[in-house]
Amino acid sequence: MKKLVVLFVLVVVCFAYEMPVKRDYVDGVSVQPETRTSLRDRILIAPIGDIRAIMGTQGKNITVSTGGEAIAVVFGDPTPDPQNFMEVKIAYSTDDGATWTIYGPFSGEYARIYPGVDGSPDFDENPGELFFSFQESPYGYAEGNLKTMIEEGTPSASSPSTPLALPQATGPDLCPWHTGVAVSPDDPFHLIVNAFSYLNNGNEHLYAWVSEDGGYTWSDTIRVARGIDPIAGSSGAGKCRQGTGDYAMIAFHDTVTVGATVVTAPHHIESTDGGYTWTNWTELSVPAIFATSQFWWHELDCEVINGEPWAIHTDLEAGGAGGMWLYHGTGSPGSWTWEVWDVRELGAESTWIADTLFIAAPS
């Protein structure tokens, strides 16, 4: 079996976790060995709230420039409120993570924010090529809002824009959760923001918004996926990435029936026009799925690498019989041939904190 050098960072908390570094990749960015020495030390960026403070739609609240020197993190800073309300803040480092500057808050106090960030490879040098998104969800699962921000300067001379509410992104018919932003590798000003409509309104579907001017104006709401029945619960939250040639994909979870039991399982859906229209979704075949399986939004991630889709899914609720699977699509949009590897059989290097998988890297 060919050696895989794909790194999927499912969640990166607001500190550099101390662990051996065996390969020349950090968050998918190649760096020189001497550059990586500082990552062996824990560097406290800021305190955070609970997991809702760091879980963006792509499972990422961090992005790194090509050279590795500039790092941007969006997170929820806890307030004194006993219900764990948080405020959205942004942290920058321009020296490989050795020191950090924190800006904000950019929101009021909210119980759930699930922020996301993405930028061009050279966002450290080019103003207007770094973008943030977050939701504003009050305590009690009440309706919130979906907002985006633009870094109009550079991390070394930051100038974050005023948060902008997306069109039709709140109200009784659409309550966005688990938002994130994806930047096109062909055009740093072509953006897709996606979210999952949640709460008790019966509208549990995936949605997207598209911007062609770097986040200053946005399309109206685009419904990405809607089945005969709504997508199942918060597991349906999707994770969007863009590739070249107007290609985009979202990996998400929907229901399948195993025997007489309905469980969630990984799916993917794709666009070939930059996010304006989307195909029918396709299930990503799971090598072992059980009536006890339960895939959640924080247990998957996806990337588009060299024009081909990749996804990783983890099942932690299968009574010890679950697994961690890496998917690679070859071919062309709409007709991918999926290769599937059991990451554990490959000899994966993983970092777990409690029952949350923070890093999974095939050897």
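Visitor: Before we get to strand β9, when do two strands count as paired here?
Guide: Two strands pair if DSSP finds at least two bridges between them. The model in front of us is a predicted one, and in it β9 and strand β10, residues 145-150, pair in the antiparallel sense over six bridges.

Visitor: Which residue in β10 stands opposite Phe131?
Guide: Phe131 stands opposite Ile150 in β10.

Visitor: And how many bridges join β8 to β9?
Guide: Strand β8, which covers residues 116-119, is joined to β9 by four bridges, and the two run antiparallel. Within that pairing, Val117 stands opposite Phe132 of β9.

Visitor: Why is β9 described as largely enclosed?
Guide: Strand β9 spans residues 130-136, and seven of its seven residues are buried, so the strand is largely enclosed by the rest of the structure. The burial applies to both faces, with Leu130, Phe132, Phe134 and Glu136 covered on one side, while Phe131, Ser133 and Gln135 are covered on the other.

Visitor: Switching topic, in what order do the strands of the open sheet with β20 come?
Guide: That open sheet is formed by four strands in the order β20-β21-β22-β23, with antiparallel pairing. Its edge strands are β20, at 300-305, and β23, at 337-342, each of which pairs on one side only. If direction is ignored, neighbouring strands of this sheet are turned by 15° against each other on average.

Visitor: How many bridges hold β22 and β23 together?
Guide: Six bridges join strand β22, residues 324-330, to β23, and these two strands run antiparallel. As one example from that pairing, Tyr327 has Val340 in β23 as its bridge partner.

Visitor: What about cysteines, how many disulfides does the structure hold?
Guide: The structure holds zero disulfides. Cys240 takes part in none, and the nearest cysteine sulfur to it, that of Cys302, lies 7.1 Å away.

Visitor: Why can't Cys302 be bonded to Cys240?
Guide: The distance decides it, because a disulfide calls for a pair of cysteine sulfur atoms within 2.5 Å, and the sulfur of Cys302 is 7.1 Å from its closest cysteine sulfur, in Cys240, which is too far for a bond.

Visitor: Are those two buried or exposed?
Guide: Cys240 has 0% relative accessibility and therefore counts as buried. Cys302 likewise counts as buried, because its relative accessibility is 0%, and the cut-off for that label is under 20% relative accessible area.

Definitions and conventions: Residues are numbered from 1 along each chain as its sequence is written. This is a predicted model: local features need pLDDT of at least 70, side-chain atom pairs count only at pLDDT 80 or more; totals for chains, interfaces and linings use all residues. Side-chain values use heavy atoms; hydrogens and water are left out. Buried means under 20% relative accessible area, exposed over 50%, partly exposed in between (1.4 Å probe, protein chains only). Axes are lines fitted to C-alpha atoms, for helices over the stretch in contact, and angles run from 0 to 180 degrees between N-to-C directions.
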